[in-house]
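Student: I have a structure open on my screen and I am not sure how to read it. Could you walk me through some of its features?

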Amino acid sequence: MTEYRRGKRPGSPDNSQDRNKRQRIGIGGVVAAHYNNIQEKSIEDRFQSSIIHMRSFNNWIKSMLISSVSDMVRGGMWDAQEPLTVLDIGVGKGGDLGKWSKHGIKHLIGFDIASESLACCKSRFQDMQRNSRRFNGPPFTAEFYEADFTRDRLKDMINPGNIPVDIVSCQFSFHYCFESFAQADHTLANVSECLKDGGYFMLTFPDAYNIVHRWKAAGGNEFGNRICKVNFGQPPCQLPLFGAKYRFSLEGVVDCPEFLVYFPALVEIAKRNGLTLVYRKTFKELFDEHSSTSAGRGLLGRMQALETYPSGERNQRNLESIGEYEHAKRFVANLTKESGGGDRDIRVGTLSKSEWEAASLYTAAVFKKPTMADRAVLSIEDDD
Ligand SMILES: C[S@@+](CC[C@H](N)C(=O)[O-])C[C@H]1O[C@@H](n2cnc3c(N)ncnc32)[C@H](O)[C@@H]1O
């Protein structure tokens, strides 16, 4: 089953004139226009991109999160083999469809504010269905809607038989709701009312602590490197809790206003919407944790999430001349020394300095909607 509607209840017609009339308020319109204007890249273009490894690295992080959160949900289920249902808010072009498919889900509900991205996502899903039917039937069913998760009520649009879901996922999109308290609160209310008791909310977003730290260290309006820039339009100063706006640009991918997510405020708003924090981990912490497991290491290699150094490729040699691989060079030199020198051909997996600086701007968090039993424990703890 595939459904594809725009911010309406199932069954109402999808009128494209209505689409043009519908005005987005706040920065919603800017965000939608921005993502709609990003051209889908050919495989060749993707290989030539100077952030190809960082993109793969981010995909690897998301795979690790999907895997560990799916395990957490299954750990609390009577039947651990039961396929899961997922709500993806800010689903984009469907870059995570394949990851969910590998984790045996039975249904996915996707929302996005950008109609063109959603059309790409739907067509990607249909391709997946066509391909998998050739082998052993559709991987899972899905429904897709155009909506603003910070302002629209998602529950009203979803096929009622498909909620509540086991997992809500919001990847690289959550920070847009920190435009105002009302939008952040609305987003978490949407998440909570669509989630089962015992279900999890997983999200990745820019790390405000890291961003503000780098902004202060730079001292001016902006900081960044050859692939990404963060610009506050003013030198370091006191910022509001909500609406702390900056402009983020990442080579050919994003050039859009974004908002800092002040983490203690996120935890409080999640709490008032019945969600409790399980953990928050930076991408560096997630890398350290998962790259030491054999599953994580294996997937790092298969996804080519790190670049081989030294590769001898021209592009790498050019970047090396501007100091982009000093860290990897030192690491290889130490390994060579430890192994007693010799002519062993030592190579390591790495990211260029700029790609690592961009990837390490992000953090992940997981929240749980407590079960009755969890709630009893929480209230006992509150009494202590
Ligand atoms: C950086 S992309 C991430 C896409 C996808 N989650 C991924 O990880 O590949 C951010 C997505 O969030 C969507 N988005 C931003 N604000 C939104 C909102 N208020 N409601 C729904 N979608 C939104 C954008 O249109 C875009 O597709």
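Tutor: Let us go through the ligand, two residues listed in a record, a strand and a helix. Keep in mind that this is a predicted model.

Student: Which residues come nearest to the ligand?

Tutor: A good start is to look at the shell of residues around a ligand. Here the shell holds 21 residues, and G90, G92, G95, Q171 and S173 come nearest. Two elements, α2 (28-37) and β3 (105-112), each give two or more residues to it. The most come from α2, with 4 residues.

Student: How many nonpolar, polar and charged residues does the shell have?

Tutor: Sorted by class, there are 10 nonpolar, 8 polar and 3 charged residues around the ligand.

Student: What does UniProt list for "binding site"?

Tutor: A record can point you to residues to look at. The unreviewed UniProt entry lists K62, G90, D112, D148, Q171 and Y176 under that heading. Let us take K62 and Q171 from that list.

Student: Is K62 buried or exposed?

Tutor: To judge this, count the C-beta neighbours; a residue with 20 or more within 10 Å is buried. K62 has 20 C-beta neighbours inside 10 Å, so K62 counts as buried. You will find K62 in helix α4 (residues 52-75).

Student: And why does Q171 count as buried?

Tutor: Q171 counts as buried because it has 24 C-beta neighbours inside 10 Å. This residue lies in strand β5 (residues 165-171).

Student: Which residues do they touch?

Tutor: Leaving out residues up to four places away in sequence, K62 touches D96, K99, Q171 and T204. On the same basis, Q171 touches K62, G90, D96 and T204.

Student: Now for strands. Which strands pair with β14?

Tutor: For a strand, look for the bridges that join it to others. Strand β6 (residues 195-206) runs antiparallel to β14, and 7 bridges join them. Within β14, F367 stands opposite F201. Strand β11 (residues 276-282) also pairs with β14 in the antiparallel sense, over 6 bridges. There, R280 has A365 in β14 as its bridge partner.

Student: Why is β14 largely enclosed by the rest of the structure?

Tutor: Strand β14 (residues 362-368) is largely enclosed because 6 of its 7 residues are buried.

Student: How many residues of helix α15 are buried?

Tutor: The count is 0 among its 12 residues, so α15 is hardly covered. For its length, compare the span with 1.5 Å a residue: α15 (residues 372-383) reaches 17 Å from its first C-alpha to its last, close to the expected 16 Å.

Key:
Residues are numbered from 1 along each chain as its sequence is written. This is a predicted model: local features need pLDDT of at least 70, side-chain atom pairs count only at pLDDT 80 or more; totals for chains, interfaces and linings use all residues. A residue is near a molecule or strand if its C-beta atom, placed from the backbone, lies within 6 Å of it. Ala, Val, Leu, Ile, Met, Phe, Trp, Tyr, Cys and Pro count as nonpolar, Asp, Glu, Lys and Arg as charged, and the others, Gly among them, as polar. The expected span of a helix is 1.5 Å times one less than its number of residues. UniProt positions are given in the numbering used here, feature names are shortened, and annotations may be inferred rather than shown by experiment. Two residues are in contact if their C-beta atoms, placed from the backbone, lie within 7 Å. Two strands pair if DSSP finds at least two bridges between them.
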